[in-house]
Amino acid sequence: MAHTEDRTAWFEGQGLWQHVPASDWNDWVWQLKNRITTLDQLEKYMVLTTEERRGIAFAGRKLSLAITPYFLNLIDRNNPACPVRLQVIPREGESVVSAGETPDSLGEDEHSPVPGLVHRYPDRVLFLITDRCASYCRYCTRSRLVSNAQDYNFHPEYEQGLRYIESHPEVRDVLLSGGDPLLLSDKKLEHLLSRLRAIKHVELIRIGSRIPVFLPQRITPALCDIFKKYGPVWMSIHVNHPKEATAELRDACERLSLAGVPLGNQSVLLRGVNDDAETMKALVHRLLRMRVRPYYLYQMDLITGGSHFKVDVRKGIEIIRALRGHTTGYAIPQYVIDAPGGGGKVPVNPDYIEKITDEEVVFKNYEGRTYRYPMTAAPQARQIPNSNSQIPNSKNQTA
Ligand SMILES: *Cc1c(COP(=O)(O)O)cnc(C)c1O
């Protein structure tokens with residue numbers, strides 16, 4: 001088989017944890033228990049930069065450090081600029097607060113009718129059911145509450161949340177998020193899904209999770225059976241760089257797909273991680289091969305201490321322009337800015353339209369060539385020839 005992209009990044013194995021029995025390695029509880037959460041633990045495995053050491057010292061007050069052994073293996077320990085490393089190892093930049101940054105940049109707390117539930121759009125709600133994740137992304141939108149490093153004391157009110165949804169018939173779509181919903185036990189998840197399924201007006205249940213990426217071992221047959229039972233359950237995973245698209249992730253996605261879970265991906269555009277067209281193209285191609293449809297590409301939210309990750313929006317538009325027409329339409333995510341303050345997600349697109357009037361639209365294609373599409377249906381002087389030879393049996397059809 002011919003592959004146009006580099007396949008060497010498919011990764012499989014225990015890496016630094018060769019000494020651990022495979023039964024432990026493949027056990028998600030073992031992975032969680034053995035997460036790297038302190039400076040000392042991390043320094044056992046790699047040499048950190050001063051910037052990273054300072055970042056880790058600050059992380060305790062902002063967003064905890066946690067990396068699963070599985071995910072740590074994906075880091076290039078000899079390269080401080082490794083795109084996997086940048087996502088999970090704190091840097092000093094996290095302590096720098098820039099203009100416009102706030103802990104709750106999307107104004108979620110204002111849009112929460114009950115603790116843990118955000119109702120921003122007319123027909124759907126975001127249901128935050130935990131503040132814990134398998135590993136912590138350093139650019140987390142909800143770092144104010146996730147990992148509880150900032151003493152937010154997040155206590156999701158499942159019962160209140162469920163009652164809110166039950167009593168709001170306009171809510172036809174419930175998005176479970178957090179924290180990571182898949183950190184809940186099977187029992188708790190099954191309870192939540194069964195309660196949501198029992199609500200007649202809830203048509204769509206979906207889950208936003210990075211567990212398949214941080215902890216693919218969590219995608220057990222038992223969990224997949226729950227999705228089968230209460231499905232359709234849709235899922236958005238969160239992959240930012242092709243290096244994360246490992247054999248383990250591929251297999252986890254396959255288990256989910258075979259359980260009937262349609263998979264999408266949400267990426268965040270991050271400086272030094274995926275802010276170039278070639279990386280993004282490799283990523284989206286890998287996603288399609290894992291049956292994952294790229295859904296959103298997010299411009300980073302204005303969270304406190306996030307400016308070291310920020311990418312110029314024009315760069316994001318350029319990346320989308322480099323994809324559209326140049327590769328499979330299914331591979332192209334919608335680039336969005338989640339409007340600061342709580343305006344919701346707004347699509348940001350390359351502009352192909354040059355002129356639009358009552359008569360015509362003039363636009364450029366992906367190669368930069370100009371085309372016209374007439375808007376009017378005025379009859380032309382020269383009629384389309386209408387001979388019987390061109391429309392066979394036309395006489396008989398009306399007989
Ligand atoms: C992102 C989000 C949703 C889901 O948005 P979709 O565009 O439907 O995927 C719902 N509620 C909130 C508060 C969100 O931030």
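A cavity is a set of grid points where a 1.4 Å probe fits but cannot get out, and its lining residues have an atom within 4 Å of a point. The exercises below apply this to a predicted model.

**Exercise 1.** Find how many cavities of 30 Å³ or more there are, and describe the lining of the largest cavity.

Solution.
- Step 1. The count comes to two cavities.
- Step 2. The largest cavity has a volume of about 40 Å³.
- Step 3. Its lining consists of Asn265, Ser267, Met280, Leu283, Val284, Leu287, Pro294, Tyr296, Leu297 and Pro333.
- Step 4. Strand E6 (263-268), helix H12 (277-289) and strand E7 (292-298) each give two or more of these residues. H12 supplies the largest share, four residues.
- Step 5. Sort the lining by type: eight residues are nonpolar, two are polar and none is charged.

**Exercise 2.** Describe the second largest cavity and its lining.

Solution.
- Step 1. The space in this cavity is about 30 Å³.
- Step 2. Glu101, Met300, Asp301, Leu302, Gly306, Ser307 and Lys310 line it.
- Step 3. By type, the lining has two nonpolar, two polar and three charged residues.

**Exercise 3.** Decide how many disulfides the structure holds, then examine Cys140 and Cys224.

Solution.
- Step 1. A disulfide needs two cysteine sulfur atoms within 2.5 Å.
- Step 2. The whole structure has zero disulfides.
- Step 3. For Cys140, the nearest cysteine sulfur belongs to Cys133, 6.3 Å away. Cys140 is buried, because its relative accessibility is 15% and the cut-off is under 20%.
- Step 4. For Cys224, the nearest cysteine sulfur is that of Cys253, 10 Å away. Cys224 is also buried, with a relative accessible area of 6%.

Note on methods: Residues are numbered from 1 along each chain as its sequence is written. This is a predicted model: local features need pLDDT of at least 70, side-chain atom pairs count only at pLDDT 80 or more; totals for chains, interfaces and linings use all residues. Side-chain values use heavy atoms; hydrogens and water are left out. Buried means under 20% relative accessible area, exposed over 50%, partly exposed in between (1.4 Å probe, protein chains only). On a 1 Å grid over the protein atoms alone, a cavity is a set of points where a 1.4 Å probe fits but cannot get out, and a pocket is an open set with protein on both sides within 12 Å along at least five of seven lines; lining residues have an atom within 4 Å of a point. Grid points are joined across faces, edges and corners, and a volume is the space filled by probe spheres set on the points. Ala, Val, Leu, Ile, Met, Phe, Trp, Tyr, Cys and Pro count as nonpolar, Asp, Glu, Lys and Arg as charged, and the others, Gly among them, as polar.
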